[in-house]
Amino acid sequence: MASENKDGEQHRHQEVGHKSLLQSDALYQYILETSVYPREPEPMKELRDITAKHPWNLMTTSADEGQFLGMLLKLINAKNTMEIGVYTGYSLLATALALPDDGKILAMDINRENFEIGLPVIQKAGVAHKIDFREGPALPVLDQLVEDAKNHGSFDFVFVDADKDNYINYHKRLLELVKVGGVIAYDNTLWNGSVVAPPDAPMRKYIRYYRDFVIELNKALAADERIEICQLPVGDGVTICRRVK
Ligand code: SAM
Ligand code: CA
């Protein structure tokens, strides 16, 4: 993404997975080089390098967001988790590494091929046993889970990073599946900054398509009394929701 710093200088983000909305690339680079890369587990670095060569690498979670997810999971002592939207598995690996050895991740994606790019790295890291990957759309899987009362309140954490036009549908179901005190994290809630762009601003087609869904989601989350929320400018914006009712 081309951006402009406060001196009016045009430049390109260099890092794969860089979707940060920070005004200065130098500041973002500082965060990565000072606090993120030196502490990035070796398998995550390997998967990041492999993903960088993939044509859809724009979709990957950035290294700073991966670090954030790992920290959050440890802070809440997450054990039973879910991920919607896996791609090559960078956030999945961050999750798998953060969970205890008997932790679980129900991981869903319509595309298995990309998951298989990351799978050898996940296996080598010794955390593949925590992952139950399901190929296909996530919504029917959630519906199936909701049908069985024993799944209600059974998840500690869910990372939602897939089709933005379905987030509100995921939310309805996830609120039954996540425990009171559990966390749902919705990714890309600042949607490349487009949430504040005038409607006639030039935008890539997919950004324009999902923009209104993201705006509506943000309003709905802010008005939802069953959750406490915190929207962070990490990556492309991530909204942390804690179920309170
Ligand atoms: N979390 C991933 C990472 O760290 O690399 C990035 C996920 S990528 C932004 C979004 C993914 O959502 C894609 O791999 C896509 O195939 C998947 N997806 C799209 N629609 C979906 C659906 N209805 N159900 C499940 N996955 C879906
Ligand atoms: Ca994302």
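Helix H4 and strand E4 (104-109) each contribute at least two residues to the shell around ligand 1. In this predicted model, the shell comprises 21 residues, of which Thr-61, Gly-85, Tyr-87, Ser-91 and Ala-162 are the closest to the ligand. Sorted by class, the residues around ligand 1 are ten nonpolar, eight polar and three charged. For the complex, the predictor reports an ipTM of 0.99 and a pTM of 0.93.

Confidence in the protein chain was examined next. The average pLDDT of the protein is 92, and 91% of the residues score at least 70. Residues 1-18 form a stretch in which pLDDT stays under 50. For this stretch the model has 26 contacts beyond four places in sequence.

The overall fold contains eight helices and nine strands. Along the principal axes, the C-alpha atoms of the protein occupy a box of roughly 55 × 40 × 30 Å. The radius of gyration is 18 Å, which agrees with the value near 18 Å that a compact globule of 245 residues would have. Of the contacts between residues at least 6 apart in sequence, 70% connect residues at least 24 apart. Buried residues account for 39% of the 245 residues.

In soluble globular proteins, nonpolar side chains tend to be buried together. In the present model, the largest nonpolar core has 52 residues. Within this core, the residues with the most contacts are Leu-93, Ala-96, Val-158, Val-160, Ile-184 and Tyr-186. Helix H4, which spans residues 90-98, gives the most to the core, with seven residues. The same helix, H4, also supplies at least two residues of the ligand 1 shell. Ile-184 illustrates the packing around one core residue: when residues up to four places away in sequence are not counted, Ile-184 touches Val-158, Val-160, Leu-174, Val-178 and Cys-241. Among these partners, Val-158 and Val-160 are themselves listed with the residues that have the most contacts inside the core.

Several loop positions were also examined. Ala-78 is located in the loop that lies between helix H3 (63-75) and strand E3 (80-84). Ala-78 counts as buried because 23 C-beta neighbours lie inside 10 Å, the cut-off for a buried residue being 20 or more. Apart from neighbours within four places in sequence, Ala-78 is in contact with Leu-73, Leu-99, Asp-156 and Phe-157. Of these, Leu-99 is 21 residues from Ala-78 along the chain, and the C-alpha atoms of the two residues are separated by 6.5 Å.

A second loop, between strand E7 (178-187) and helix H8 (205-223), contains Trp-191. Asn-192 also lies in the loop between E7 and H8. Trp-191 has a phi near 40 degrees, a positive value in a residue other than glycine. Asn-192, likewise not a glycine, has a positive phi of about 60 degrees. The burial classes assigned to these two residues are as follows. Trp-191 is buried, because 25 other C-beta atoms lie within 10 Å. Asn-192 has 19 C-beta neighbours inside 10 Å and therefore counts as partly exposed.

How values were computed. Residues numbered from 1 in each chain as written. Chains lettered and ligands numbered in written order. Predicted model: local features only at pLDDT ≥ 70, side-chain atom pairs only at ≥ 80, totals over all residues. Core = buried A, V, L, I, M, F, W, Y, C linked by C-beta atoms within 7 Å. Buried ≥ 20, exposed ≤ 12 C-beta atoms within 10 Å, placed from the backbone. Helix = DSSP H or I, 4+ residues; strand = E, 2+ residues; numbered from the N terminus. Contact = placed C-beta atoms within 7 Å. Near = placed C-beta within 6 Å. Nonpolar A, V, L, I, M, F, W, Y, C, P; charged D, E, K, R; others polar. Rg over C-alpha atoms; globule rule 2.2 N^0.38 Å. pLDDT = per-residue confidence, 0-100.
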